[in-house]
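Open the model in your viewer and keep the selection panel at hand. The stops below go from a single side chain to the chain pair, a sheet and a set of annotated positions.

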Protein chains: 2
Amino acid sequence: MTIPSSADRILNDVLRTRIMSAEQAAELIPAGATVGMSGFTAAGAPKAVPQALARRIERINAQGGQFRIGLWTGASTSPELDGALAKVHGIDRRLPYQSDPVARQQINAGEMNYIDLHLSHVAQYVWFGFLGHLDVAVVEVSGILPDGRLIPSTSVGNNKTWLDQADAIILEVNAGQPAALDGMHDIYYGTDRPPNRKPIPMLHPHDRIGEPYLRCDLNKVIAVVPTHAADKLSAYKPLDEDSQRIAAHIVDFLEHEVQHGRLPRNLLPLQSGVGNIANAVLAGLNQSAFEDMTAYTEVLQDGMLDLLESGKLRSASATALALSPEGFKRFEARADELRQRILLRPQEISNHPELIRRMGLIAMNALIEADIYGNVNSTHLMGTSIMNGIGGSGDYARNAYLSIFMSPSTAKGGQISCIVPMASHVDHTEHDVQVLVTEQGLADLRGLAPRQRAKLIIAKCVHPSYRDPISDYFERALKGSVGQQTPHLLTEALSWHQRYLDTGSMRPAASPAA
Amino acid sequence: MTIPSSADRILNDVLRTRIMSAEQAAELIPAGATVGMSGFTAAGAPKAVPQALARRIERINAQGGQFRIGLWTGASTSPELDGALAKVHGIDRRLPYQSDPVARQQINAGEMNYIDLHLSHVAQYVWFGFLGHLDVAVVEVSGILPDGRLIPSTSVGNNKTWLDQADAIILEVNAGQPAALDGMHDIYYGTDRPPNRKPIPMLHPHDRIGEPYLRCDLNKVIAVVPTHAADKLSAYKPLDEDSQRIAAHIVDFLEHEVQHGRLPRNLLPLQSGVGNIANAVLAGLNQSAFEDMTAYTEVLQDGMLDLLESGKLRSASATALALSPEGFKRFEARADELRQRILLRPQEISNHPELIRRMGLIAMNALIEADIYGNVNSTHLMGTSIMNGIGGSGDYARNAYLSIFMSPSTAKGGQISCIVPMASHVDHTEHDVQVLVTEQGLADLRGLAPRQRAKLIIAKCVHPSYRDPISDYFERALKGSVGQQTPHLLTEALSWHQRYLDTGSMRPAASPAA
């Protein structure tokens, strides 16, 4: 066969002999296989093999086959991966995180088994043998060195573990990824299973503790597929007003903490979830007086790039470089300089409790709902439908120096209050939530008992249109609850959610609903 | 004044000049003070000053005073501490854990603010300034060296932090504690605040990383109170049948894991909560074929002593030596040998996420209730009343190699099912619970999606008398729930708890309750 344009990225002679098309490679994945794919957001997800596999599955199942796979990744991926495979009903078991609308629909219809895991736990569970056997790895890389080592792509995720643990490996070599990626990665090979583990030798976010390349047993590589495609990441959205208000509250709070000696003047390493609010917070920090900041996080989005470009952010560590198309252009224009200040690492390291606690991160993550006592739901809608998953939020929140959760106070045009009497699902317990922020205000819950937390959350965070009904609930719980550590009326605690399901709004009717 | 019999335990000349009675010392604690006391269980809790303080509070408040204190400890303490101070309504704010019946009653009546914290978080929150100022430390030690360093008592808890952070220090020197304690402690002074933290240099449970003594600024010591009293720990209860069944399931499971290569033959370091079930599990391990085990845990109870004496357990690390009176006699009889195999450390180290994850603990903790999806409630009764608190269970469960939660399947003579449709409070999320055990059986939840978890928990763990109603709930949720990731009927999810409050039993009536 002819060698496509990415031939200069495939410098190992043995692996050049295994170059084939995505269709040919997909033929090598058997029905029922468990497949570990690269991708942490759309960054670094394989671009060709998953779609070829989806076509193969569709063809076989149209002829009465039962072709489905188990799919493991770093985190969410892309429409060409999760979307394509879900569309053909090709995924039987999915972990550890996903955000694809088609897959979500199937999960919530009970058609796909979805295991929602802390992202720092995934790699080790695989080494421990807790999740079963990994048959095939499908990993995008940006190049192959003459000795067979792999230049990682725009994300690292669980790729090291997939390459180590899978019986067979399919590599996508994406010549569309910038050559500047070479040298930006830090792959730590010092991990082990207990009782042989050692301290991870990192003291600061930009410490290099590993190697720039992924190791790979060439005997396991069954296919090398050249590709040339950009990560499918969406454009940067303009910041909305609520997000900017949330950001302003957080910047004020951080300034207050510095003034009181509880944070250094250049803060502590920033961890920031993805999305609009996170980007608004980063924009707020870019306007602030803080200097010489660092980031230790999962995903570098455009907001982090802004901070790197302005010089406010000295360095950033992550497991994925997930820039918008416009952000990517900006990165490439200054790649020589920026690549010195960015490190991409395996997600077991970017999210490692040991490092998060040692370096003392400021963790900022989004929530779906919080209750008046500060229990946070990050995963479920109305207690039963998955939205995305817990992702790394638990790794960070539990072990951070400061654990901040943030959300607009309402959703669905005001029909949902994001502060509810009782969370319909709990992902972050009252023990793990220090600060709660909405556009209405910020509640600093440190050192407060549950009833005190409730008063503060109601005063600071609840949308005015829900303040009376939620105060009413709390006041009646203070009178009617059997226990007063966490006062609740059990017959009403989830009634806001039920009312939303029944009426399309959590708002109590003017006269009580039947 | 005359120097009592503990004079040979107080070898520092300066501190000998500060010897006084408990009453005199208690006079030095001002109303409204925040007081950090020693004690992790009754082990190492001060014996005299808290009671003298309680008498002072009672006297002052009887004359119209408003004397209350904030009370911080290691964990639960004793009737002479929490009990005595609660009886006179002397505690305004309590953290991070307690289990006293009088204090519990006041907390649940809304008369005491109780902040329930992960035990590994407490010391650092104090250094960070997150919990406010510490005025006075009241710490039991078993002796004072000529240079003023302190020989710790039967627990270490947060004593290092209280001594470092408090403005003033009151020492109780308990001559009733065995001299063999000298040298058994390992106080690590390498901790710091971010960004100056370093890896904690421990690789195995018995590694010594610190010093045997507590440091103390002599200028801060305002009183030295000699005492001579045993820790008030209760007798060892005979093992009940349910606990033995739970233990047998766990031993079987561990053997199975060894056979499948997922655990070494001598297991990994054991962490065990306190109480009957924990002691039964340890007794089961003592009867098992496992050899050369280690423990890395919070509290050494008699069950661990049995394992040390039999030689099955090579060594044990903890923050408290909480033996029954009979166990204490056994310990003293073999102290010369046993003390070489036990290390007592600060709770920030015994419970440190970095060490728990690195050493790969097998964490075994009790639960109050779990729901069919494996969310665990460790703290609340019927969603509103605190039982004790989360203690160290979150530190261990989240970071362990294996996270096992255990409970009898029913409580209150069968009127409560410990497996419920939805947990009424969540302390350990679905993401943190790998194995659930009752006397009925063991559910290995690793790698299962929520609906699969529910089926297994119902089949393996639920008491037969609740199996039909809980299956009925689950089956109807599979039909009626909007989302099928975690099927629930929101109007019924907490109805078992409400029924218990209404009727004294979670059991559905033969005909549906009104």
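In which helix of chain A is A:Arg56 found? Select residues 49-62 of chain A: this is helix 3, and A:Arg56 is in it. The model is a predicted one. At 11% relative accessibility, A:Arg56 counts as buried, because the cut-off for that class is under 20%. Show its surroundings next: leaving out residues up to four places away in sequence, A:Arg56 touches A:Ala26, A:Glu27, A:Ile29, A:Pro30 and A:Phe67.

**The chain pair**

Now display both chains. A turn of 180° with a shift of 0.0 Å along the axis lays chain A on chain B, with an RMSD of 0.0 Å. That relation is the one of a two-fold axis. To find the axis from chain A, pick A:Glu354, whose C-alpha is the nearest to it in that chain, at 2.2 Å. The two copies use the same surface, as 100% of the contact residues of chain A recur in chain B.

**A sheet in chain B**

Go to chain B and colour strands 17, 16 and 23, which form an open sheet in the order 17-16-23 with mixed pairing. Strand 17 (376-377) and strand 23 (419-420) stand at the edges with a single partner strand each, so one side of each has no neighbour in the sheet. Strand 16 (residues 369-371) runs antiparallel to strand 17 of chain B, and 2 bridges join them. For a position to centre on, take B:Ala370, which stands opposite B:Val376 in strand 17 of chain B.

**Annotated positions in chain A**

Return to chain A and select residues 327-472. An unreviewed UniProt entry annotates this range as "domain: Acetyl-CoA hydrolase/transferase C-terminal". The range is 34% helix and 25% strand, and its end C-alpha atoms are 47 Å apart.

The "binding site" annotation, from an unreviewed UniProt entry, covers A:Ile368, A:Asn388, A:Gly392 and A:Lys412. These positions span 45 residues of sequence and are spread in space too, with up to 25.4 Å between C-alpha atoms.

Start with A:Ile368, in the loop between strand 15 (362-366) and strand 16 (369-371) of chain A. A:Ile368 is partly exposed, with a relative accessible area of 22%. Its contacts beyond four places in sequence include A:Asn377, A:His380 and A:Cys418.

Move on to A:Asn388, in the loop between strand 19 (385-386) and helix 15 (393-399) of chain A. Is A:Asn388 buried or exposed? A:Asn388 is buried, at a relative accessible area of 19%. Its side chain makes a polar contact with the side chain of A:Arg104 (2.8 Å). Among the other residues in contact with A:Asn388 are A:Tyr97, A:Tyr114 and A:Thr379.

Technical notes. Residues are numbered from 1 along each chain as its sequence is written. Chains are lettered from A and ligands numbered from 1 in the order in which they are written. This is a predicted model: local features need pLDDT of at least 70, side-chain atom pairs count only at pLDDT 80 or more; totals for chains, interfaces and linings use all residues. Side-chain values use heavy atoms; hydrogens and water are left out. UniProt positions are given in the numbering used here, feature names are shortened, and annotations may be inferred rather than shown by experiment. Helices (H or I, at least four residues) and strands (E, at least two) are DSSP runs, numbered from the N terminus. Buried means under 20% relative accessible area, exposed over 50%, partly exposed in between (1.4 Å probe, protein chains only). Contact means heavy atoms within 4.5 Å. Copies are superposed by least squares on the C-alpha atoms of residues with pLDDT of at least 70 in both. Two strands pair if DSSP finds at least two bridges between them. A polar contact is a pair of N or O atoms within 3.5 Å; within protein, one must be able to donate a hydrogen and the other to accept it, and residues adjacent in sequence count only if both atoms are side-chain atoms.
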